Amino acid sequence: ALGKNVIDRCNLTVLTEPGQEDLVDFLADNKIHVVASLPCYGPQNVDMQRGNGVFERSIVGLLKLNERGYGVEGSDLTLDLVYNPIGPFLPPEQTALEAKYKQELADAYGIQFNSLFTITNMPIKRFADFLHRRGELKDYMELLVRNFNPSACETAMCTNYISVDYNGKIYDCDFNQQLAMSLKNEHKSSLSIFDIDSTDDIMEKKILTSNHCFGCVSGMGSSCQGATV
């Protein structure tokens with residue numbers, strides 16, 4: 001009714017959980033744009049990253065979405081998939097990988113979807129801990145720095161996007177939110193949506209950056225909508 005595009009960042013296995021049988025119908029009836037993570041088009045890599053049986057349940061979820069019209073040609077129900085590498089390397093070129101995903105999923109399971117977004121793994125939280133335990137964090141950071149792409153800075157999420165947490169605190173992006181790097185007011189306290197009248201009030205605020213930001217501006221760039229250049 002408000003004319004807004006609502007996105008559900010969907011864990012596909014949720015669609016097969018008990019008590020969630022009506023979730024696909026709810027999403028379709030409300031024309032929710034579904035964006036779902038699928039790290040590979042084959043079971044071995046997905047199950048290695050996410051756990052045994054996750055790929056099979058993800059395929060069941062995708063088939064449920066297709067049955068309601070999601071991702072199907074001629075439908076107004078959008079289904080996008082997300083790829084992120086399973087290890088310390090950059091994603092491949094997005095357009096070519098999307099074509100491969102579409103071919104493999106269609107041939108093996110008859111699955112359709114609209115677009116594939118490739119997203120770089122950010123060196124923070126769980127992934128940073130994973131790399132640290134394997135002694136690969138330093139090498140991964142050097143990889144990101146070596147592949148720094150100045151063109152990706154112009155379209156980085158933090159230039160036209162904000163993130164707001166449940167308390168109303170404002171962040172430049174989702175990753176800064178995870179790291180508790182909120183915007184500050186004149187008293188050096190966290191800035192909240194309750195402190196401003198509109199986003200115009202924060203246009204002059206300096207974007208907070210740290211080492212993890214190289215994840216968004218390396219290679220072909222990375223954002224919640226995939227490659228940026």
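**Group meeting presentation: the parallel sheet and its surroundings**

Good morning. In strand 4, the residue that serves as bridge partner of V82 is F117. I begin with that pair, and from there I shall describe the sheet to which it belongs. Please keep in mind throughout that this is a predicted model.

V82 lies on strand 3, and strand 3, residues 79–83, is joined to strand 4 in the parallel sense over 4 bridges. The connection between these two strands passes through a helix: strand 3, helix 4 (residues 94–109) and strand 4 make a right-handed β-α-β unit.

How many residues of strand 3 are buried? The count is 5 of the 5, so the strand is largely enclosed by the rest of the structure. Both of its faces are covered. On one side we find L79, L81 and Y83, on the other D80 and V82, and all of these are buried. Thus V82, the residue with which I opened, belongs to the face that it shares with D80.

Let me now turn to the other neighbour of strand 3. Strand 2 and strand 3 also pair in the parallel sense, again over 4 bridges. Within this pairing, V34 stands opposite L79 in strand 3.

Strand 2, residues 33–37, is in turn joined by 4 bridges to strand 1, residues 7–10, and these two run parallel. Here C10 stands opposite A36 in strand 2. Between them the chain leaves strand 1, passes through helix 1 (residues 23–29) and arrives at strand 2, a β-α-β crossover that is right-handed.

We may now assemble the whole. The 4 strands form an open sheet in the order 1-2-3-4, with parallel pairing. Which strands stand at the edges? They are strand 1 and strand 4 (115–118); each has a single partner strand, so one side of each is left without a neighbour in the sheet. On average, neighbouring strands of this sheet are turned by 25° against each other, direction ignored. As general background, strands of a sheet pair through backbone hydrogen bonds, either parallel or antiparallel.

I continue with the backbone outside the strands. K31 is found in the loop between helix 1 and strand 2. Its phi is positive, about 50°, although K31 is not a glycine. A second residue other than glycine with a positive phi is K125, where the value is near 50°. K125 is found in helix 5, residues 125–134. Is K125 buried, partly exposed or exposed? With a relative accessible area of 47%, K125 is partly exposed, because the exposed class begins only over 50%.

The loop between strand 4 and helix 5 holds M122. At 7% relative accessibility, M122 counts as buried, since the cut-off for that class is under 20%. M122 and K4 are 118 residues apart along the chain, and their C-alpha atoms are separated by 29 Å.

Finally, I come to the surface. I162, V164, I193 and F194 form a nonpolar patch there, with about 370 Å² of accessible area together. One of these residues, I162, has its place in the loop between helix 7 (150–153) and strand 5 (163–164). I162 counts as partly exposed, at 34% relative accessibility.

To close, I return to the central picture: an open sheet of 4 strands in the order 1-2-3-4, with strand 3 largely enclosed by the rest of the structure. Thank you for your attention.

Notes
Residues numbered from 1 in each chain as written. Predicted model: local features only at pLDDT ≥ 70, side-chain atom pairs only at ≥ 80, totals over all residues. Heavy atoms only, no water. Patch = residues over 30% accessible without salt bridge, like charges linked within 9 Å, V, L, I, M, F, W, Y side chains within 5 Å. Areas by Shrake-Rupley, 256 points an atom, 1.4 Å probe, with all protein chains shown as cover. Salt bridge = Lys/Arg side-chain N within 4 Å of Asp/Glu carboxyl O. Buried < 20%, exposed > 50% of the residue type's maximum accessible area, 1.4 Å probe, protein only. Pairing = 2+ DSSP bridges. Right-handed = clockwise from strand over helix to strand, strands pointing away. Axes fitted to C-alpha atoms, helices over the stretch in contact; angles between N-to-C directions.
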